[in-house]
Amino acid sequence: METKILIKDVSAPGDLILETETENLTLEVELPSGEGLVNSKEESFKCKLGRSRDLQSDKTHRTATPIIKVIDVKKSYTLGGMEVPILHDINLKVLEGEFLAIMGPSGSGKSTLMNLIGFLDRPTEGTIIIKGLDINKLSDKEVARLRGLEIGFVFQTFNLIPRLTALENVELPTYANARSGVDTHERAKELLKLVGLEDRMHHKPGELSGGQSQRVAIARALINDPAILLADEPTGNLDSKTGCEILNIFRRLNEDRRTIVMITHDPEIAGYADRIVLVKDGIVQNTE
């Protein structure tokens, strides 16, 4: 079975042919040798995006426990006294260890859905459950702690603090939430080494390239060892080569059984995930 995605239908209304459980997508990545997930030295690089898991891994996914449940969720905002609906009756399950791509055109509601999953916003109606915990039954303080420890965020615009070094940016989430018994300073150093930035940890964002900044953002997202990584257009501001390096990091993290939910409008990037969910006009078009 081949993945069929009409690019014009992602950027404009129309029919979309989308078949999941694909088997013939390929991944070809040549990264410089060395320890860690990436090596920052400029060497030859070739990348063809595609799903990295084999069929046995897919079978394991199908029997895994849902780590995220979105049940009958609606989201609307009030603008000028008028209620504007954004999401309509969303139902979605994400399995533990799954790499899910949420895809859709601009204004479809996909980023709003990610914000709800990440507890950056609350639904107008419906239920969101993360690791068995119902957000509607948690206080704001409990939600903040759950978000800080169990969810890592990677954004298209990096969202680094300009006056802080890379090391300080990675440590930043631990100022509000940190796991007991962890030396966060040393862990931040280890994570920067893991993403190939051992020699740039004392540089500020203005002294880093886009790819380096995104690696810092990934390290920051991992500082509290979250179960879930949410990425909103993580390669949107990067060139193809650097974007592929970032996706290779995600692939390695997912192979270590970390759950990843990635927002994208790019069919090629979406094809890198285990499963693709299309959001269009505030409605999930497919969940399989």
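**Exercise 1. Which residue of β10 stands opposite D232, and how do the strands around it pair?**

*Solution.*
Step 1. In this predicted model, D232 stands opposite I263 in β10.

Step 2. Now widen the view to the two strands. β9 and β10 (residues 259–264) are parallel partners, paired over five bridges. Another position to look at is L230, which stands opposite V261 in β10.

Step 3. Turn to the other neighbours. Strand β8 (residues 151–155) is joined to β9 by five bridges, and these two strands run parallel. Here F153 has L230 as its bridge partner in β9. β5 is likewise joined to β10 by five bridges in a parallel arrangement, with M103 opposite T264 in β10.

Step 4. Finally, follow the chain through the unit: β9, helix α8 (residues 240–255) and β10 make a right-handed β-α-β unit.

**Exercise 2. Are the residues of β9 and β10 buried or exposed?**

*Solution.*
Step 1. Start with the rule for side chains: in a regular strand they alternate between the two faces of the sheet.

Step 2. Apply this to β9. On one side sit I228, L230 and D232, on the other L229 and A231, and all of them are buried. Five of the five residues of β9 (residues 228–232) are buried, so the strand is largely enclosed by the rest of the structure.

Step 3. Do the same for β10. T259, V261 and I263 lie on one side, I260, M262 and T264 on the other, and all are buried. With six of the six residues of β10 buried, this strand is therefore largely enclosed by the rest of the structure.

**Exercise 3. Find the two aromatic pairs and say which kind each one is.**

*Solution.*
Step 1. Recall what to look for: a pair of aromatic rings is described by the distance of the centres and the angle of the planes.

Step 2. The structure holds two such pairs. In one of them, the ring centres of F99 and Y272 are 6.0 Å apart and the planes stand at 80 degrees; an angle over 60 counts as edge-to-face, so this pair is edge-to-face.

Step 3. Place these rings in the fold. F99 belongs to strand β5 (residues 99–103), while Y272 is in the loop between α9 (267–270) and β11 (275–280), so the pair ties together parts that are 173 residues apart in sequence. Both F99 and Y272 are buried.

Step 4. The other pair is F153 with F155, at 5.9 Å centre to centre and 0 degrees between the planes, which is stacked. F153 has a relative accessible area of 13%; the cut-off for buried is under 20%, so F153 is buried.

**Exercise 4. Which strands stand at the edges of the open four-stranded sheet, and which helix packs on the sheet?**

*Solution.*
Step 1. Write down the order: β4-β3-β6-β7, with antiparallel pairing.

Step 2. Read off the ends. β4 (82–95) and β7 (133–134) each have a single partner strand, so one side of each is left without a neighbour in the sheet.

Step 3. Check the β7 end. Strand β6 (residues 125–130) pairs with β7 in the antiparallel sense over two bridges, and I129 has D134 as its bridge partner in β7.

Step 4. Add the helix. α3 (residues 110–117) packs on the sheet, touches β3 (66–79), β4 and β6, and makes about 120 degrees with the direction of β3. Six of the eight residues of α3 are buried, so the helix is largely enclosed by the rest of the structure. Among the buried ones are L113, M114 and I117. Just after α3, F119 takes a positive phi of about 65 degrees.

**Exercise 5. Which element gives the most to the largest nonpolar core?**

*Solution.*
Step 1. Begin with the residues that touch the most other members of this 38-residue core: L192, V216, I218, L229, F250 and L253.

Step 2. List the elements giving two or more residues: β5, α5 (166–171), α6, α7 (210–222), β9, α8, β10 and α9. α7 gives the most, with six residues.

Step 3. Zoom in on V216. Beyond residues up to four places away in sequence, V216 touches L160, A166, N169, V170, L192, L197 and L208.

Step 4. Keep the other core apart: a second, separate core of 30 residues includes F119, L146, I228 and V279.

Note on methods:
Residues numbered from 1 in each chain as written. Predicted model: local features only at pLDDT ≥ 70, side-chain atom pairs only at ≥ 80, totals over all residues. Heavy atoms only, no water. Phe/Tyr/Trp six-rings, centres within 6.5 Å; stacked < 30°, edge-to-face > 60°. Buried < 20%, exposed > 50% of the residue type's maximum accessible area, 1.4 Å probe, protein only. Pairing = 2+ DSSP bridges. Right-handed = clockwise from strand over helix to strand, strands pointing away. Contact = heavy atoms within 4.5 Å. Axes fitted to C-alpha atoms, helices over the stretch in contact; angles between N-to-C directions. Core = buried A, V, L, I, M, F, W, Y, C linked by side-chain atoms within 4.5 Å.
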